[in-house]
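Work through these exercises with the structure open beside you. Try each task before you read its solution.

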Amino acid sequence: MIEIGGWRHVFKLDPDKHLTDDELEAICESGTDAVIVGGTQGITYDNTLELMARLRRYAVPAVLEVSNLQAVVPGFDAYFLPLVLNAGDPDWIFAPHVAGLSAYGAYIRWEEIFAEGYIILNEDSAAAKVTKARPVASREEAKAYANVAAHVCRLPIVYVEYSGRYGDPDMVRACRAGAGEARLFYGGGIRSAEQAQEMASIADTIVVGNVIYEDLSAALATVEAVRRLQG
Ligand code: 1GP
């Protein structure tokens, strides 16, 4: 069974974007704690399967973050199921989960499933638009959302999502204060070692995504930066 409790750094790979074999090897052998496969748009069964098969050459744990029921591919080490806590469209809270479990419930090994309480804080992100995310106006409100995730729903992961934009550390601190025993993931706009260290000093786990496709060496430097913080 996969153990997420020690993860400090993960890369998030988008199956709709291309990496050469050398680039993928650099990511997988970087010392990151895991690779999450996920994205909001252009995710298909075929591109998810292809990326999973390429990832299986490496020892790094590979997780599928399920965002599209047509792209649930077996063979990952674990499956993350996002619940968008501030979704303005309530269909994004439980409706896809019920549909997915109706279709795939018989195949599920529950020990491989981790629910993530997403708090989407970048209102311009694709995920915010798709889910019609409600704005989170204050630190108090951010903390309350984290409380809902950790104490009301008892989710193992609270995920502060700024996808595409570097976040406000005070909002992340507020979520940390509300997240109790849940693991706090932070993702969004990390493009440098300094940003990786800043968010890794607040959150338990940082997620590095887009920069992989724009500046691979900057992406790889975030792994070492988080390790230095621990050291
Ligand atoms: C996206 O939180 C991740 O879901 C990472 O965000 O792509 O902006 O790094 P970036």
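The exercises below deal with a predicted model.

**Exercise 1. An aromatic pair**

Task: Find how Tyr 118 and Tyr 159 are arranged, and where each one sits.

Solution.
- Start with the count, which comes to eight aromatic pairs.
- Tyr 118 and Tyr 159 form one of them, with ring centres 4.3 Å apart and planes at 15 degrees.
- Planes under 30 degrees apart count as stacked, so this pair is stacked.
- Next, place the residues. Tyr 118 belongs to strand 5 (residues 113-120), and Tyr 159 to strand 6 (residues 157-161).
- They are 41 residues apart, and the pair links distant parts of the chain.
- Both tyrosines are buried.
- Now widen the view. Ring pairs join Tyr 118 and Tyr 159 with Trp 7, Phe 80, Phe 114 and Phe 185 in a cluster.

**Exercise 2. Two helices with a buried side**

Task: Which residues of helix 1 and of helix 2 are buried, and what covers them?

Solution.
- Take helix 2 (residues 45-55). Its buried residues are Asn 47, Thr 48, Leu 51, Met 52, Arg 54 and Leu 55.
- These residues lie on the same side of helix 2, because they cover an arc of only 165 degrees around the axis.
- Asp 46 and Glu 50 are exposed on the other side of helix 2.
- The cover over the buried residues of helix 2 includes strand 1 (9-13), helix 1 (21-28), strand 2 (34-37) and strand 3 (62-65).
- Turn to helix 1. Leu 24, Ile 27 and Cys 28 are its buried residues.
- They fall within an arc of 90 degrees seen down the axis, so they line one face of helix 1.
- Their cover includes strand 1, strand 2, helix 2, helix 8 (211-214) and helix 9 (216-230).

**Exercise 3. A helix crossing**

Task: Describe how helix 5 and helix 6 cross, then sort the residues that make the contact.

Solution.
- Two packed helices are described by the angle and the distance between their axes.
- Here the axes of helix 5 (residues 139-152) and helix 6 (residues 169-178) come within 7 Å. They cross at roughly 35 degrees.
- The crossing is right-handed.
- Helix 5 contributes Arg 139, Ala 142, Lys 143, Ala 146, Asn 147, Ala 150 and His 151 to the contact.
- Helix 6 contributes Asp 170, Met 171, Ala 174, Cys 175, Ala 177 and Gly 178.
- Sorted by type, the contact residues are seven nonpolar, three polar and three charged.
- Look at one of them, Lys 143, in helix 5. Leaving aside neighbours within four places in sequence, Lys 143 touches Ala 174, Ala 177 and Gly 178.
- Lys 143 counts as partly exposed, because its relative accessibility is 37%.

**Exercise 4. Two buried residues**

Task: Where do Ile 206 and Asp 14 lie, and what is each in contact with?

Solution.
- Buried means under 20% relative accessible area.
- Ile 206 is in strand 8 (residues 205-208). Its relative accessible area is 0%, so Ile 206 is buried.
- Leaving aside neighbours within four places in sequence, Ile 206 is in contact with Arg 8, His 9, Val 10, Tyr 186, Ile 190, Ala 196, Met 199, Ala 200 and Val 226.
- Asp 14 lies in the loop between strand 1 and helix 1. At 14% relative accessible area, Asp 14 is buried as well.
- With the same neighbours left aside, Asp 14 is in contact with Gly 38, Gln 41, Ile 43, Leu 51 and Tyr 213.
- Compare sequence and space. Asp 14 and Thr 48 are 34 residues apart in sequence, with C-alpha atoms 8.6 Å apart.

**Exercise 5. Positive phi**

Task: What phi do Lys 132 and Arg 154 have, and are they buried or exposed?

Solution.
- Most residues other than glycine have a negative phi.
- Lys 132 is not a glycine, yet its phi is positive, about 55 degrees.
- Arg 154, also not a glycine, has a positive phi of about 55 degrees.
- Place them in loops. Lys 132 lies between helix 4 (126-131) and helix 5. Arg 154 lies between helix 5 and strand 6.
- Lys 132 is exposed, with a relative accessible area of 54%.
- Arg 154 is exposed too, at 67%.

Methods: Residues numbered from 1 in each chain as written. Predicted model: local features only at pLDDT ≥ 70, side-chain atom pairs only at ≥ 80, totals over all residues. Heavy atoms only, no water. Phe/Tyr/Trp six-rings, centres within 6.5 Å; stacked < 30°, edge-to-face > 60°. Helix = DSSP H or I, 4+ residues; strand = E, 2+ residues; numbered from the N terminus. Buried < 20%, exposed > 50% of the residue type's maximum accessible area, 1.4 Å probe, protein only. Arc of directions from axis to C-beta. Contact = heavy atoms within 4.5 Å. Axes fitted to C-alpha atoms, helices over the stretch in contact; angles between N-to-C directions. Left-handed = near helix turned anticlockwise from the far one by under 90°. Nonpolar A, V, L, I, M, F, W, Y, C, P; charged D, E, K, R; others polar.
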